[in-house]
Every structure is written in C-alpha cells, then in structure tokens.
Amino acid sequence: MPEDTPITISQSSDGTMYVPGSEIVENANVTAYMKQKGFQSYHDLYEWSVRNPQEFWADQANELEWYQRWEKVLDESNAPFYKWFVGAKTNIIHNALDRHVKTWRRNKLALIWEGEDATRRTFSYQGINREVSKIASVLKSMGVKRGDIVTIYLPRIPELMFCMLACAKIGAAHSVVYGGFSVEALADRIEDAQSKLLITADGGFMRGKVVELKNIADEAMARTPSIQTCIVVRRTGHEVNMESGRDLWMHDLLALPIASEKCETVPVDSEETLFILYTSGTTGRPKGVVHTHGGYMVGTYATLKYVFDIKEEDRWWCAADPGWITGHSYIVYSPLIAGATSFMYEGAPNYPYPDRWWSMVARYGISILYTAPTAIRGLMRFGEAWPNRHDLSSLRLLGTVGEPINPEAWRWYYRVIGGERCPIMDTWWQTETGHFMITPTPVVPLKPGTATRPFLGVETDVVHEDGASCGANEDGLLVIKRPWPGMLRTILNDPERYKNSYFERVPGVYTVGDSARKDEDGYTWIIGRLDDVIKVSGYRLGTAEVESALVSHHDVAEAAAIGLPHELKGNAIHSFVILRAGVEGTPQLEEELKAHVAHEMGPIARPEKITFVSTLPKTRSGKIMRRVLKAQALGQDVGDISTLES
C-alpha cells in the first residue's frame, strides 16, 4: 500500500475514530458491490441488505458454483430449525478445490506452511487437491461413508486441513478436537459423535517440546469403545505405541494403490452436515454444534471477501488453530473458496524469540494478519524493538478475533504492527454463528475496542430481558434478530437443547449469551459472557468441564470454577475446592490438582489458582453461585443472596 494513504483520525462524541484512507475505501471489494447495487454509501447498502436479506445472500451464493440451484433461499416454516438454499445440491469441496483446478488457479500457491522447527512446505491448489483425493480414497477404503462422523485430533499441520477436506469430499462429517485438549475432552467428543475412525499424529511441536498426541489418543480410545480404526500421521518421528489391528500409519496407507489421486466429490444436499464442532456449555457435556454445506459455504465466503477484502495477490494469515471455528472458517474453508494464498504456522508466537511472527510476516510477505487479542497482548510485553527489526510494510489489513480487544492493545497493534496505515477488523462471532456477525469492513470508521456494526444482511440488537431494545450505552442481552446462512442447525442428538440454549430466553430471536451495549453511533461493545463459560485466551471453557476434571481427582469432593481478569489471557481460571475428609490442602496438592486438570482437559484449562474451602455458596436447589465467588474474589458487592442455602 502506498505510504501516502494512511488511516486518518477524526473525533466523535465517543472519542477517537480511525477513518480508513481514500485508496483503501475506493479499492475495497465492498465498495465495488455497493456501486453494483447503486448505493452511494455503506450505510445505505447495509440498510438495503437487512430489508432484503434473502436477495443479499442470494447475490453471494450466485458467485459460487452449484450442482443444482436452490428452489428457495430460506425456509422458516419450522423455526428455529431454519434451512438455507433449499433444494440445492452442492459440496463445499467443489467450490474450495474442484472449480479452481479447472482454471489457471490450479498452479496458484494455496498454502504455505512453516513448522515450529522451521520445516517448510508449500502446496498449489492442484497439490492440495491431490493430497485430499488420496486421503479421501483411503477413508472410503476404511469404510467411512456419507453421514459418518470422523474425529480428527492433529497438530497445526497441513494434514489437519487435508483430512477435513477429505471428509467433506466424500460426504462424511468431521469433528475436529483441538490438539491442546487432553484425554477427557477428546474422549467425551468421540463418545458423543460415536466416531468409528480417529485421525491423530505421533505428536506435534510446541515451544520446542513434543505434544504427545498419540499417547493422549490411546488413553481416550481406552475410554471410548466406538473407535475401530486409528490413522496416525507422522510428524515428530519419535516412537509411539501402535496397536495391531487398530492403528495404521497415514504414510503407509498413502503409499498403497487404494490412495487414488482421483476421487470424485460427492454431491450433497445444501443442508447436509459438513462438520460437528464442540463448544462448551454451562452444564453437562460440551454441545456438538452442527454446520451444513450450503449456508456455511456462502456465509464464510462473503464475510472473508468483504471484511478482509481478499484479492488474488494477497497472502492471508489467520493465526488461529484449525481445531477452533476460526480455523475451520478462515484457515480451511473460506480462503480456499476465495482462491486465496494462505499461510499456516505450527508453533507458539514467541518461540524461540519474541519476533517469530514478525519475521514470518516479513519473510512471506503477509498482507493480512488475523489473530487473537491474547496474542497481541502477549507480544506487547516484549516491547517495540522486536517487531521493529522486521519490514512489516507488506501488511495492509489487520484483524482480531476471540474476545474484545482492549483499546491499549488495539492502538499498539495499529501503530507498531500496522504502521498507522492498516485498518483493524475487530470481529465478533461464535462457533454457533459460523462466520462474522458484528464487524467493520475496510470502509467504515473504527473505534478501538468495539466490534463496530453488524455485517451486511445481519440484524442484531441489545435488549432487556423482556425483549425491548436498550437505550444508547445501556447494558443488555445481545441478540440476533433474523436467521443467517452460516448459523448452526441444531445440537448433535439434542434438538431440544438447541432450542432451549438459543431461542427461549428472548422468544423469537437468537440469544447470544453475551452482554453488550450500543453507543450513540450504533457501535456494539461486547461486555462479556452471561453464562458460566470462561474465555481463556479466546478459547471457551465450560465451568462444568473444569469442575468435572477436578472432582475426578481422588482427593476432591466438590469444586467450583470461575474466570477472573488476567492481563495476558483475558481471563484465567480460579477454582475453589472442597477436599475429602482427612485430606489437607497443601501447596503441593494445589500443584497436583492443577496438573490433573491440565492432563484431563489440556494445558489451556490449567487453573491459575486453587483455593481450598470448607463450603461453596449454593442455591437451595443445589446450584453453585459462581457470581458470588467472583464478586468475593474481586472484592465486590455479592448482591442478592436470598436464594442461597441457609
């Protein structure tokens, strides 16, 4: 981007607003669409899109290829079980790979990958298609068929992407479990999905150490009898247990004649399940969120195109993990659908030095970087000297995801990394929404710390418990007023939980579970979770899961977990534990319990602090009052405690 087109700064009633330069605005994809529709401003385009959402989403769907066109854009007859592009036949793989390999893009660079150990691999669109076809052929030979759910538990390596795409290609659904999760989390997700096949690896690298994925997978499979076959990708090369008759090396299978480079993509109904992704709930086991081919494909494609302004020459880096919804939508699927060149990195942001990320931005000419505020805050700690060692001038857009970014971190990101020329797309969305819901585009003024306004075709509001809209700067419940293409369709095996979780608190609308407020300019500020889900470094962890892990230790009788503010992680887990009779709470036991939770759930869930207590505040019905614990920990008023046990 030329140096004479910086973001300009103006004042609003709310404080500083950052206004993108004229060249950014004039060349944006969303500006071209605005002109195509005959509008003079983005505001006018948005207002039209929410008056005519089906026309807007049909416009986006028409940019993609379909085996059979839809009969109806949206079917609301069985609300809240909405259907999009009804009657259409498609497969997300056709738009992500098949249509590209028939054009000049077959030789375009699709994926650049760097391992933490500096291993480097690159793949063209034709190269990815070849790998995906071979793995899909292997899966078919293993008995995987349309409608099956394959569980994938891999490090951040290209094979994770390829295995996801291979499942979709043959009409199977994938359930990816984040490689940082441990035994209990993996076992629960396998059991709920009733997967017969698991794909894992001998391990992965993180901060110079091997993450023992195969050992964790072995323990999880011992708890879940549904797995019949385990395919293991070789990444680290260290020795692992391979059970005869169950465990097979991926590289051995790919060397066999069954691994054909020609595997037909299976046409599926637009509403057929593409994947299951588990998100933490406040009670019970995690929820298996179900996403489908057609609407998800259209929503992720449109949001990437207009929010991050993807162009043919861009090099896009979404620095998430494919095991989370951010990675599904914006590492694996939408960049391929858009024909983009993506970068993927295996390891930690600051390993072995705090400039690892910035060195890779410079080396590969990254033009768009999308990451979590946690990472930004963590790298801020090391000062400006590390990024200033590298030429970051290739960057033209920045983005954040996972949690609200505090204004101080926003300004550092904008000034030090973006050189005061790169608009920051601060996106709000969820596992359940599938794609961005509240977000700027590169043509709107920005305020540090706010997700700005809803995306085109999306209508949100902040309301009171009775559904009435809140006034400006008044806290309330964030809701989505109309269905959208990438929305979850149900909870796996539990449609009632789907209705109860999202559509009953405020009848007729989707209740997000976040509190928020809208300022006088209509910008949405996300405040935090309404329920008992703790967001640690952008990852959602259920209090019930953490407590269950603690109680599984033989010395623990009862436990409660809360999230408390943390400078780097956003929130950190603090747990309160009642020990079994005769057991003494010691510093050694505290460390043992922290390690136990990390073993059961993964390091991300390791409590920051464990306090040994004799009682827990509970309602008369036995529900732990976590808000009371949180208020006490923060030295705040505990509020109404009339429902507590006497």
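**Exercise 1. The S28–S29 hairpin**

Task: In this predicted model, find which residue in the hairpin of S28 and S29 takes a positive phi, and work out how the strands on either side pair.

Solution: Start at the turn.
- The hairpin has 2 residues between its strands, and Ser537 takes a positive phi near 50° there.
- Next, the pairing: S28 (residues 533-536) and S29 (residues 539-542) run antiparallel, joined over 4 bridges.
- For a register mark, take Val533, whose bridge partner in S29 is Gly542.
- Now look at the faces of S28. In a regular strand, side chains alternate between the two faces of the sheet.
- Val533 and Lys535 lie on one side of S28, with Ile534 and Val536 on the other, and all of them are buried, so both faces are covered.

**Exercise 2. A four-stranded sheet and its loop**

Task: Give the strand order of the open sheet that contains S26 and S27, then say where Glu520 sits and which side chain it contacts.

Solution: Lay out the sheet, then walk into the loop.
- The order is S23-S24-S26-S27, an open sheet of 4 strands with antiparallel pairing.
- S23 (460-463) and S27 are the edge strands; each has a single partner, so one side of each lacks a neighbour in the sheet.
- From one strand to the next, the twist averages 45°.
- Zoom in on S26 and S27, which are antiparallel over 5 bridges. Lys518 is bridged to Thr524 in S27.
- Glu520 belongs to the loop between S26 (510-518) and S27 (524-529).
- With a relative accessible area of 40%, Glu520 comes out as partly exposed.
- The Glu520 side chain makes a polar contact of 3.0 Å with the side chain of Asn473.
- As for Gly471, it is 49 residues from Glu520 in sequence, with 8.8 Å between their C-alpha atoms.

**Exercise 3. The seven-stranded sheet**

Task: Work out which strands stand at the edges of the sheet of 7 strands, and how S18 and S20 pair inside it.

Solution: Read the order from end to end.
- The strands run S7-S6-S19-S18-S20-S21-S22 in an open sheet, and the pairing is mixed.
- That puts S7 (120-124) and S22 (424-426) at the edges; each has a single partner strand, so one of its sides has no neighbour in the sheet.
- The average twist between successive strands is 15°.
- S18 (residues 315-318) and S20 (residues 368-371) are a parallel pair, held over 3 bridges.
- To check the register, go to Trp317: its bridge partner in S20 is Leu369.

**Exercise 4. Tyr125, buried or exposed?**

Task: Decide whether Tyr125 is buried or exposed, and find the backbone oxygen its side chain reaches.

Solution: Take the location before the contacts.
- Tyr125 lies in helix H6 (residues 125-141).
- Its relative accessibility is 0%, so Tyr125 counts as buried, the cut-off being under 20%.
- The Tyr125 side chain reaches the backbone oxygen of Pro335 at 3.5 Å.
- Arg106 is 19 residues away along the chain, yet its C-alpha is 4.9 Å from that of Tyr125.

**Exercise 5. Two helices, H4 and H13**

Task: For H4 and H13, say how many residues are buried, and name what covers H4.

Solution: Count, then look around.
- In H4 (residues 53-61), 7 of the 9 residues are buried, so the helix is largely enclosed by the rest of the structure.
- Those residues are Pro53, Phe56, Trp57, Ala58, Asp59, Gln60 and Ala61.
- Their cover includes helices H2 (29-36), H3 (42-51) and H11 (293-307), along with strands S3 (72-75) and S4 (83-86).
- H13 (residues 356-364) also has 7 of its 9 residues buried, so it too is largely enclosed.
- Here the buried set is Arg356, Trp357, Trp358, Ser359, Met360, Val361 and Tyr364.
- Just after H13 comes Gly365, with a positive phi of about 65°.

**Exercise 6. A buried acid**

Task: Find what the side chain of Asp75 makes a polar contact with, and how far away the nearest side chain of opposite charge is.

Solution: Check the charge partner, then the polar one.
- Asp75 sits in strand S3.
- Asp75 is buried and has no salt bridge: Lys72, the nearest side chain of opposite charge, is 4.3 Å away, and a salt bridge needs a distance within 4 Å.
- A polar contact of 2.7 Å links the side chains of Asp75 and Ser77.
- Leaving out residues up to four places away in sequence, Asp75 touches Tyr82, Lys83 and Val86.

Key. Residues are numbered from 1 along each chain as its sequence is written. This is a predicted model: local features need pLDDT of at least 70, side-chain atom pairs count only at pLDDT 80 or more; totals for chains, interfaces and linings use all residues. Side-chain values use heavy atoms; hydrogens and water are left out. Buried means under 20% relative accessible area, exposed over 50%, partly exposed in between (1.4 Å probe, protein chains only). Contact means heavy atoms within 4.5 Å. Lys and Arg count as positive and Asp and Glu as negative; His and the chain ends are not counted. A polar contact is a pair of N or O atoms within 3.5 Å; within protein, one must be able to donate a hydrogen and the other to accept it, and residues adjacent in sequence count only if both atoms are side-chain atoms. Two strands pair if DSSP finds at least two bridges between them. Axes are lines fitted to C-alpha atoms, for helices over the stretch in contact, and angles run from 0 to 180 degrees between N-to-C directions.
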